[in-house]
Amino acid sequence: MLSLWQLNFRVLRSFLEEMKLLRFAGVVFIFILAFQFVNIHYYGGDILSLSSQDEFPVSIHGSTEPIRPLSGPERLNVSGSVSAEVSEGERTGLGEDYVISSDANVSVQSHDAKDKETLDLLLETRSSMNGSDADIVNENNRNVEILESDDFVEDAKDKDALDSLLETRSSSSNGSYGDVVEDAEIVNENNRNVETLETRSDDNLSPEVKRVMNVSNSGVVSISEMMSLLHQSRTTHVSLKMKRPSAVDQELLYARTQIENSPKVENDPLLHGPLYWNLSMFKRSYELMESKLKVYVYREGKRPVFHKPVLKGIYASEGWFMRQLKASKTFVTKNPRKAHLFYLPFSSKMLEESLYVPGSHSDKNLVKFLKNYLDMISSKYHFWNKTGGSDHFLVACHDWAPSETRQYMANCIRALCNSDVSEGFVFGKDVALPETTILVPRRPLRALGGKPISQRHILAFFAGGMHGYLRPLLLQTWGGNRDPDMKIFSEIPKSKGKNKSYMEFMKSSKYCICPKGHEVNSPRVVEALFYECVPVIISDNFVPPFFEVINWESFAVFVLEKDIPDLKNILVSISEERYREMQMRVKMVQKHFLWHSKPERFDIFHMILHSIWYNRVFQT
């Protein structure tokens, strides 16, 4: 029998153990309350959100279903006639979140017999080719469907041109595999899918733009008129403001004051003054961006349209920007309350590849997809509704991006490759995005540079597909052997002996012609800068990249579309001194248009981000 003191001891011990449990439960309860307070107050309830599990309905060809990520070798069927296979061989080696994509709607068989024949030919020519390069060539030589009107028409010229190109390059003793890849990509680009959307109207033009276009006899907005519209937008822009300015609003107002009252800068070791409209303002704005800017990246969104950057091809700008911004520890914040900008991380290229119905000439289901996404994030967070989306931005390089984002993303800052005044580009809000061709993602700067002026014996050069109305007119006027100084081709001709590649022509020319295709933008503008060739832009109402800070007329030539018959006279009228000055400035401005594996100061990544930041600051 237990003594009284033993019984009392057991009761006491049991009581103490219960107290410990209660104390522990109290600590856990307090911790949960504190966590929820921080999560809701500072992170908008976003700490535990998992983007890979978020689903929102999307209409794909009439059905409603969530988009799910691709994993491993998997086929994405978007219609009965179009499918694309994504396999491990298509990855870049830069990480599982990144994909390489061709620039056409393609029906791909990963072991297509024709691809194998072409690849075998290349392997014979260059036995030292490595595995990744073989994958690139294999992709470059896939069958491409060319769309004319409402019907699909197979274009045999693509394969014939590529076969003849490879045969020519393989027989050249001085040829290199790099040239083969380069020219193969050009052939593929020249024959890519050029299907167009339904006819557009000018209802989206602002009254100011309409007034300028009506005053001009040609209906063209010049660079100086673009700058006037930009300055006018800063005095008339009305943004949604809170009754009491937040800390972010106060930081933006401070930045604007600092930029407008920036100390005068006459000489800078990194920045050549004549390249910029106002070097002092640009430098101060850039410094403030580096020290102040914070961007919140939405984690929501399903691959492959969201969070899946395309790193190769002519639409690579949007993918490289996405990749480098998401990896940035300097600019990205996990606290949305500290963000000056909110990034909508979708790929306009993957949106088109995944959801567009071939032959429909309609982007309605693509627009609906983006609307569903906005509905989802606006119901989950209050940040979109707080400003009407004016502090949100997107980066989209596909030709259809202006149409896809016009209705529901009208208030966003839109960085667009297709920066067309006549399609509703909004000065002071939208950003002109450079269209860059990336052939080998692991080496974005391969073949950079060009020949010295003394070895540039060609007056003007162009080669490319006959897209739109302007290029056939250019070819009809200056193509063939009409003028030995004007090398204008649809396809680079072959001759006995060594043949020049597209790249070699650009490196050997004084002026590189950059005509519009179906849309105003062209990757040739940046290619010209890449190869240190003075760009000649023939594209009415094209807003050039970074035009709010860079004075394009200091290093490029703008020719009206109607003046194509006088093209040579315009070029030869430029003095040798003026040409040398422009070519020197091309080499100086080049750094603003280069992608690096890791971003560097004043490179294209920082310049894109700066243009977005700049417009955001002047909205306040």
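**A parallel sheet and a helix pair, in questions and answers**

In this predicted model, Ala460 of β12 has Met486 as its bridge partner in β13.

Q: In which sense do β12 and β14 pair, and over how many bridges?
A: Take strand β12, residues 458-463, and look at how it lines up with β14. Ile458 stands opposite Ser509 in β14, and Ala460 has Tyr511 as its bridge partner there. The pairing is in the parallel sense, and the number of bridges is three.

Q: How many bridges join β12 to β13?
A: Ala460 is a handy place to start, since its bridge partner in β13 is Met486. The two strands run parallel, and the bridges that join them number four.

Q: Which strand is joined to β14 by five bridges?
A: Start from Ile513, whose bridge partner is Val536. Val536 belongs to a strand spanning residues 534-538 that runs parallel to β14. That strand is β15.

Q: Which residue of β16 is the bridge partner of Val536?
A: β15 and β16 run parallel and are joined by two bridges. Follow Val536 across to β16 and you land on Val557.

Q: What is the order of the strands in the open sheet of five?
A: Let's put the pairs together. β12 is joined to β13 and also pairs with β14. Next, β14 is joined to β15, and β15 to β16. With parallel pairing, the order reads β13-β12-β14-β15-β16.

Q: Which strands stand at the edges of that sheet?
A: Look for strands with a single partner, because one side of such a strand is left without a neighbour in the sheet. That applies to residues 486-489 and residues 557-558, which are β13 and β16.

Q: Is strand β14 largely enclosed or not, and how many of its residues are buried?
A: Buried here means under 20% relative accessible area. β14 covers residues 509-515, and its burial count means that the rest of the structure largely encloses it. For β12 the count is six of six, so that strand is largely enclosed too. For β14, the buried residues come to seven of the seven.

Q: Which helix makes a right-handed β-α-β unit with β14 and β15?
A: There's a unit of this kind with β12 and β13 as well, where the helix is α15. Between β14 and β15 the helix covers residues 524-530, and its name is α17.

Q: At about what angle does α19 run to β15?
A: Two helices are worth placing against the strands. α15, residues 470-478, lies across β12, β13, β14 and β15, and runs at about 135° to β13. α19, residues 576-589, lies across β14, β15 and β16, and its angle to β15 is about 95°.

Q: Is α11 roughly parallel, roughly perpendicular or oblique to α12?
A: The axes of α11 (residues 348-355) and α12 (residues 364-380) come within 10 Å and cross at roughly 120°. Angles of 65 to 115 degrees would count as roughly perpendicular and those over 145 as roughly antiparallel. So α11 is oblique to α12.

Q: Which residues of α12 do Leu351, Glu352 and Leu355 meet?
A: α11 passes α12 in a right-handed crossing. Eight of the eight α11 residues are buried, so the rest of the structure largely encloses this helix. Leu351, Glu352 and Leu355 are among those buried residues. In α12 they meet Asn365, Leu366, Phe369 and Leu370.

Terms used: Residues numbered from 1 in each chain as written. Predicted model: local features only at pLDDT ≥ 70, side-chain atom pairs only at ≥ 80, totals over all residues. Heavy atoms only, no water. Buried < 20%, exposed > 50% of the residue type's maximum accessible area, 1.4 Å probe, protein only. Pairing = 2+ DSSP bridges. Right-handed = clockwise from strand over helix to strand, strands pointing away. Contact = heavy atoms within 4.5 Å. Axes fitted to C-alpha atoms, helices over the stretch in contact; angles between N-to-C directions. Parallel < 35°, antiparallel > 145°, perpendicular 65-115°, else oblique. Left-handed = near helix turned anticlockwise from the far one by under 90°.
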